[in-house]
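Welcome! Let us walk through this structure together, one step at a time.

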Amino acid sequence: MRDGREGPQPNAFVLSAAINACGGAGQWQEALRLLEAVQEVPPHQRVYNAALAACDKGGQPEAAVRLLLDPQLWGAPRAPPEARAAHSAFLRRLAKRDA
């Protein structure tokens, strides 16, 4: 037990695992709530990608686009070039699916 709480302390690995679990269960809304609720975890690409995947699995392109267009919604810096390429591919896949 640390800081009076049981279990692992929040960090990017734990948060992304929880968000991935929510996404895998089709609970994209809960995944985004986790993203917003855990303020003590510094922004990390792993967490951001898990949230995008949860939106994708939940069929929520609008929510994913909001994350892509404004990652500062949860305190993330501008995505690095390699992440922007992945985001572009993700958007293209969403567009094809919705067409």
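To compare two helices, picture a line fitted to the C-alpha atoms of each one over the stretch in contact; the angle between two such axes, taken between N-to-C directions, can run from 0 to 180 degrees. Keep in mind as well that this is a predicted model.

Start with the overall plan. The chain has 5 helices and 0 strands, so read from the N terminus its elements run α-α-α-α-α. Of its 99 residues, 34% are buried. Among contacts between residues at least 6 apart in sequence, 60% join residues at least 24 apart.

Now turn to one pair of helices. Helix α1 (residues 12-24) packs with helix α3 (residues 45-57) at an angle of about 5 degrees, and their axes lie 8 Å apart. Angles under 35 degrees count as roughly parallel, which makes α1 roughly parallel to α3. On the α1 side, the residues that meet α3 include Phe13, Leu15, Ile19 and Gly23; on the α3 side, Val47, Ala50, Ala51 and Ala54 are among those that meet α1. Sorted by class, this contact has 8 nonpolar, 4 polar and 2 charged residues.

Ala54 is a good place to pause. This residue sits in helix α3 and is buried, with a relative accessible area of 2%. Leaving aside residues up to four places away in sequence, Ala54 touches Ile19, Gly23, Trp28 and Ala31. Ala54 and Asn20 are 34 residues apart in sequence, while their C-alpha atoms are 6.5 Å apart in space.

From Ala54 we can step across to Ile19. With residues up to four places away in sequence again left out, Ile19 touches Ala31, Leu34, Leu35, Val47, Ala50, Ala51 and Ala54.

What do such contacts add up to? In soluble globular proteins, nonpolar side chains tend to be buried together. Here the largest nonpolar core has 23 residues, and Ile19, Leu32, Leu35 and Leu67 touch the most other members. Two or more residues of this core come from each of α1, α2 (28-37), α3, α4 (61-69) and α5 (81-98). Helix α3 gives the largest share, 7 residues.

Finally, look at α4. Its buried residues are Pro61, Ala63, Ala64, Leu67 and Leu68. These residues lie on the same side of α4, because they cover an arc of only 160 degrees around the axis. An α-helix has 3.6 residues a turn, so residues three or four places apart point the same way.

Definitions and conventions:
Residues are numbered from 1 along each chain as its sequence is written. This is a predicted model: local features need pLDDT of at least 70, side-chain atom pairs count only at pLDDT 80 or more; totals for chains, interfaces and linings use all residues. Side-chain values use heavy atoms; hydrogens and water are left out. Helices (H or I, at least four residues) and strands (E, at least two) are DSSP runs, numbered from the N terminus. Angles under 35 degrees count as roughly parallel, over 145 as roughly antiparallel, 65 to 115 as roughly perpendicular and the rest as oblique. Contact means heavy atoms within 4.5 Å. Ala, Val, Leu, Ile, Met, Phe, Trp, Tyr, Cys and Pro count as nonpolar, Asp, Glu, Lys and Arg as charged, and the others, Gly among them, as polar. A nonpolar core is a set of buried Ala, Val, Leu, Ile, Met, Phe, Trp, Tyr and Cys residues joined through side-chain atoms within 4.5 Å. Buried means under 20% relative accessible area, exposed over 50%, partly exposed in between (1.4 Å probe, protein chains only). The arc is that of the directions from the helix axis to the C-beta atoms.
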